[in-house]
Amino acid sequence: MERSHDPKWVTVAVTLSAIVMTLDITIVQLGLKEIGEEFTAGLDALQWIVNGYTLAFASLVLSAGALGDKIGRLSVFRLGITVFFIASLGCALAPSVGVLIAGRIAQGVGAALMFGPALALIAGAYEGDEEGRLRAIVLFSTTSAAFAALGPLFGEVIVGAVGWRAIFYLNIPFSVVVSYVAAVKMDPQKPSDVTRPDYPAAVLATIALFTVNYGLTDFVHHSGITAIGGACLCTFTVFFFVFLVREKKMGADAMIDLRLFRLPVFSAAVLMSFFCRVASFGIIPFVIIWLQGYQGLSPTETGCVLLFMSLTLVVFAAVSMKLTRFFSVRTLNAGGMGGIGLGWIIPGLLIGPGSWTAIIPGLIIIGIGSGLMTPHMMDLAVSSVPAERSGMASRTANTFFPLGTAVGFAVFGAYLSARLGHLPGPMRKVATSGNADIMGTLEAGTVEKLEAAYTSAISEIFLIAGAMCLAVTPLIAHLLAAKGTAGARVAPQREAAPGPRAG
């Protein structure tokens, strides 16, 4: 079978996989009502349909990337496609909610196996071609971010027109196309490490990531620490400490070489990937509740409102590439983080009951800030380390994406619950969920009080998120200004190639 050596096929495969992986995080939420009605499923089961995917994905993405470095990135990527395909088909045909949850967990496993080595595949395919690699990473990153924001809109259209099972059937043609490209058009890349896979570290990392994500999610859903959630967070603390001790002892043979964090630019990329998710997908679920539950917007209208952010992000991601001729990457990324902060502060000051349009200027500014940063975050993580460490760098930065989402969702969710703690128990549940069906049965005065309480709380969340982004901006600018100063401490650096200015 003749193979094409054009690295663009790698970009096509990983970008298509990013679309379906990202959509499956947000789009399924729009089908939960129909799923609950068909299977007579309770809230806990419906939550696991969402959480099963995200927990499996967040727990395994680090280990999946490490496995790709050890046994072959393309082999792991292909395995991920196969698992995701079978799991999606199982979800589409699920005869019960239990089978659907199992399928969603399996989807998360497949997604992690695809996403873990994705950026390393790009880095390997474009080795020696800095501009090509940057363009590919930009496409991959901006596509992921844009489709995550478009999930609610796509979900409403698909579920409304065909039904919830169509969400999973949609994955089938994508999986087939990606499988074909991976099998015929992509070249295998030799494992970057000659050492054996560090299975103990993979187990430690998987348990640590699962328990911290589960503990944070459980904290939000129960508005406090439960016995299970507390046990998970304690388990995370122990396993994470043991993981760090082991990785430090392993040195260059570790699954994550902790010495990479001595590289200022690498540390900046990790911080940006974390805080961008905290201040975006960690907040967006509460925005959706506010728009649909309290402002009366339909899921389609809500998706259209979020387009102000996602479309602006895509436009300014392209603009950001052009701006590197005039501004340093440091300036663009620090300015982008500051823009995200400003974008949350504006609606935090302006919104009130019945004023959903006040959020639009903020979403546009957040899209601009995210667009300025998105093309460079992952490339900075990969390009700031030696070539043989590109897989390690990308999987480390990738791990902080779902972790940032989980932390943001937990912290802001806990704050929201605390701010609504004065409400009676049943009313607090209605207020935090924004359940329009239940609120439709309440008196107008009660609904107005719930809306005022929720709007006040979410405006404060916006202000907190904005202040957080503005506070971290100087640190990011400082780290990016020190590019390359610690490179010799890890391994010999690659010869610098002409490209965008960093400092």
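**Exercise 1. Which residues is Leu150 in contact with, leaving aside its neighbours within four places in sequence?**

First, the ground rules. This is a predicted model, in which local features need pLDDT of at least 70, side-chain atom pairs count only at pLDDT 80 or more, and totals for chains, interfaces and linings use all residues. Residues are numbered from 1 along each chain as its sequence is written, and side-chain values use heavy atoms, with hydrogens and water left out.

Solution.
- Step 1: place the residue. Leu150 lies in helix H7, residues 130-161. Helices (H or I, at least four residues) and strands (E, at least two) are DSSP runs, numbered from the N terminus.
- Step 2: check its cover. Leu150 has a relative accessible area of 12%. It is therefore buried. The scale is: buried under 20% relative accessible area, exposed over 50%, partly exposed in between (1.4 Å probe, protein chains only).
- Step 3: list the partners. Leu150 is in contact with Leu307 and Ser310. Contact means heavy atoms within 4.5 Å.
- Step 4: add a backbone distance. From Leu150 to Met309, the C-alpha to C-alpha distance is 9.7 Å, across 159 residues of sequence.

**Exercise 2. Describe the packing of H15 and H20.**

Solution.
- Step 1: choose the descriptors. Two packed helices are described by the angle between their axes and the distance between the axes.
- Step 2: read the values. Helix H15 (residues 329-350) packs with H20 at an angle of about 170°, and their axes are 7 Å apart. Axes are lines fitted to C-alpha atoms, for helices over the stretch in contact, and angles run from 0 to 180 degrees between N-to-C directions.
- Step 3: classify. The angle makes H15 roughly antiparallel to H20. The classes are under 35 degrees for roughly parallel, over 145 for roughly antiparallel, 65 to 115 for roughly perpendicular, and oblique for the rest.
- Step 4: sort the residues of the contact. There are 20 nonpolar, 7 polar and 1 charged. Here Ala, Val, Leu, Ile, Met, Phe, Trp, Tyr, Cys and Pro count as nonpolar, Asp, Glu, Lys and Arg as charged, and the others, Gly among them, as polar.
- Step 5: inspect a residue on each helix. Leu349 is in H15 and counts as exposed at 63% relative accessibility. Its C-alpha atom is separated from that of Leu463 by 7.6 Å. Ile464 is in H20 and is partly exposed, at 37%. Ile464 touches Phe412 and Tyr415, not counting residues up to four places away in sequence.

**Exercise 3. Which helix gives the most to the largest nonpolar core?**

Solution.
- Step 1: define the set. A nonpolar core is a set of buried Ala, Val, Leu, Ile, Met, Phe, Trp, Tyr and Cys residues joined through side-chain atoms within 4.5 Å.
- Step 2: find the largest core. It has 97 residues, and those with the most contacts inside it are Phe77, Ile122, Met337 and Trp344.
- Step 3: name the helix. H20 (residues 444-481) gives the most to this core, with 13 residues.
- Step 4: look for another. A second, separate core of 24 residues includes Ile19, Ile101, Trp164 and Phe168.

**Exercise 4. How many helices and strands are there in the protein?**

Solution.
- Step 1: count. The protein has 20 helices and 0 strands.
- Step 2: add burial. Of its 503 residues, 56% count as buried.
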